Amino acid sequence: MLRSLPRASSGSAPFRVHPQKTQPNTWHLPAATCPFEARQDQRRHAGIHAISNPTLAGIEKRWEGMPPQQQADLWMALRDRMKVNWHEMTLQEKKAAYWIAFGPHGPRSLPPPGENKKIFWYTMLGVGVSGVIFLLIRTQSRPPPKTMTAQYQAMTNDYLKAQRTEPITGVSSEGYKGKGMIQSKPRKGPPPDEDEE
C-alpha cells in the first residue's frame with residue numbers, strides 16, 4: 001500500500017508528505033500538500049468564472065489594436081473557458097472565441113479598398129516601362145545581320161545543293177519541296193554581293 005505514495009528525493013523535497021490514515025491499510029494525501037493537485041484545483045476553479053462582457057464587447061474592432069500580450073491572455077482565458085461544457089459559456093464568449101479563431105484578422109484580414117486597382121495600375125506601369133526600355137534598345141541596336149535575309153538564305157540553299165549536302169532527306173534530295181534554309185521574309189533591295197559571303 002505504501003507504493004502509491006510519492007517518493008521524495010534524498011536532497012531537498014519540494015513539498016512534505018504527511019500521510020493521514022483514514023481507514024485501516026489505506027493512505028491518502030491531503031489535496032493541498034501536492035502541488036500538482038493544487039494546480040488542477042486552481043484550473044478547475046478558474047474555468048468556472050465567465051469572462052466579463054466589457055472585456056469581450058467590440059472585440060472585432062479592438063483586436064488589431066490590442067498589445068500581443070493582452071491578445072494572448074484573452075485567448076488563453078477563452079481557451080480555458082472552452083474546456084468546460086459549452087452550454088455554460090455565455091453568448092459573448094462563444095462569439096469572441098469564434099471570431100478570434102476564424103475572423104478576418106492577421107493573415108486572414110481583408111484587403112483594403114482599392115487595392116486591386118492599385119495592383120492593376122502598378123502592373124500596367126511596369127509593363128509600359130519595360131516596353132519603352134525594349135523599344136529604346138531596339139532603336140539603338142545594329143541592323144539584323146546579312147545572314148538573316150531571304151536572299152542570303154536562298155543562296156545558302158544553292159550552295160548546299162551544289163555541295164550535295166544531305167542527299168537523302170535534305171535540300172539536295174530529289175523532289176525536295178521544303179524551304180531549306182529560308183526562314184526570313186524577302187528583303188527589299190539588291191541581293192547581297194558575292195564578297196559579303
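**Exercise 1. The chain as a whole**

What percentage of the 197 residues in the protein chain is buried? Work from the predicted model, then add the element order and the surface.

Solution.
- Setup: this is a predicted model, where local features need pLDDT of at least 70, side-chain atom pairs count only at pLDDT 80 or more, and totals for chains, interfaces and linings use all residues. Numbering starts from 1 along each chain as its sequence is written, and side-chain values use heavy atoms, with hydrogens and water left out.
- Step 1. Apply the burial classes: buried is under 20% relative accessible area, exposed is over 50%, and partly exposed is in between (1.4 Å probe, protein chains only). Buried residues make up 17% of the 197 residues.
- Step 2. Assign the elements. Helices (H or I, at least four residues) and strands (E, at least two) are DSSP runs, numbered from the N terminus. The protein chain has 7 helices and 2 strands. Their order from the N terminus is β-β-α-α-α-α-α-α-α.
- Step 3. Compute the surface by the Shrake-Rupley method with a 1.4 Å probe; for residues, only the protein chains shown count as cover. The accessible surface of the protein chain is about 16200 Å². Carbon and sulfur atoms hold 59% of that surface.
- Step 4. Check contact range, with contact meaning heavy atoms within 4.5 Å. Of the contacts between residues at least 6 apart in sequence, 46% join residues at least 24 apart.

**Exercise 2. Salt bridges**

Find the salt bridges and state how exposed their residues are.

Solution.
- Step 1. Set the criterion: a side-chain nitrogen of Lys or Arg within 4 Å of a carboxyl oxygen of Asp or Glu. The structure holds 3 such bridges.
- Step 2. Start at D80. Its bridge to R79 has the closest N and O atoms 3.9 Å apart. D80 also meets K83, at 3.8 Å from N to O. R79, D80 and K83 are thus linked in a network.
- Step 3. Add accessibility. D80 is partly exposed because its relative accessibility is 32%. R79 is partly exposed too, at 35%. K83 is exposed, at 61%.
- Step 4. Take E93 and R81. Their closest N and O atoms are 3.0 Å apart. This pair links distant parts of the chain: E93 sits in helix α5 and R81 in helix α4 (residues 68–82), 12 residues apart.
- Step 5. Classify both ends. E93 is buried, with a relative accessible area of 0%. R81 is buried at 2%.

**Exercise 3. Aromatic pairs**

How many aromatic pairs does a search of the whole structure find? Describe their geometry.

Solution.
- Step 1. Set the cut-offs. Rings of Phe, Tyr and Trp (its six-membered ring) pair if their centres lie within 6.5 Å; planes under 30 degrees apart are stacked, over 60 edge-to-face, and the rest tilted.
- Step 2. Count: the search finds 2 pairs. One is Y98 with F102, tilted, at 5.2 Å centre to centre and 45° between the planes.
- Step 3. Place this pair. Y98 and F102 both lie in helix α5 (residues 91–102), 4 residues apart, about one turn of the helix. Y98 is exposed at 55%. F102 is exposed at 57%.
- Step 4. Turn to F120 and W121. Their ring centres are 5.1 Å apart and the planes meet at 70°, so the pair is edge-to-face. F120 is partly exposed at 44%. W121 is exposed at 58%.

**Exercise 4. Polar contacts of Q153 and R164**

Is Q153 buried or exposed? Then trace the backbone partners of Q153 and R164.

Solution.
- Step 1. Locate Q153 in helix α7 (residues 150–163). It is buried, because its relative accessibility is 3%.
- Step 2. Define a polar contact: a pair of N or O atoms within 3.5 Å; within protein, one must be able to donate a hydrogen and the other to accept it, and residues adjacent in sequence count only if both atoms are side-chain atoms. A polar atom of the Q153 side chain lies 2.7 Å from the backbone nitrogen of Q183.
- Step 3. List the surroundings. Leaving aside neighbours within four places in sequence, Q153 contacts T147, M148, M181, I182, Q183 and S184.
- Step 4. Move to R164, in the segment after α7. R164 is exposed, at 51%. Its side chain reaches the backbone oxygen of S172 at 3.3 Å.
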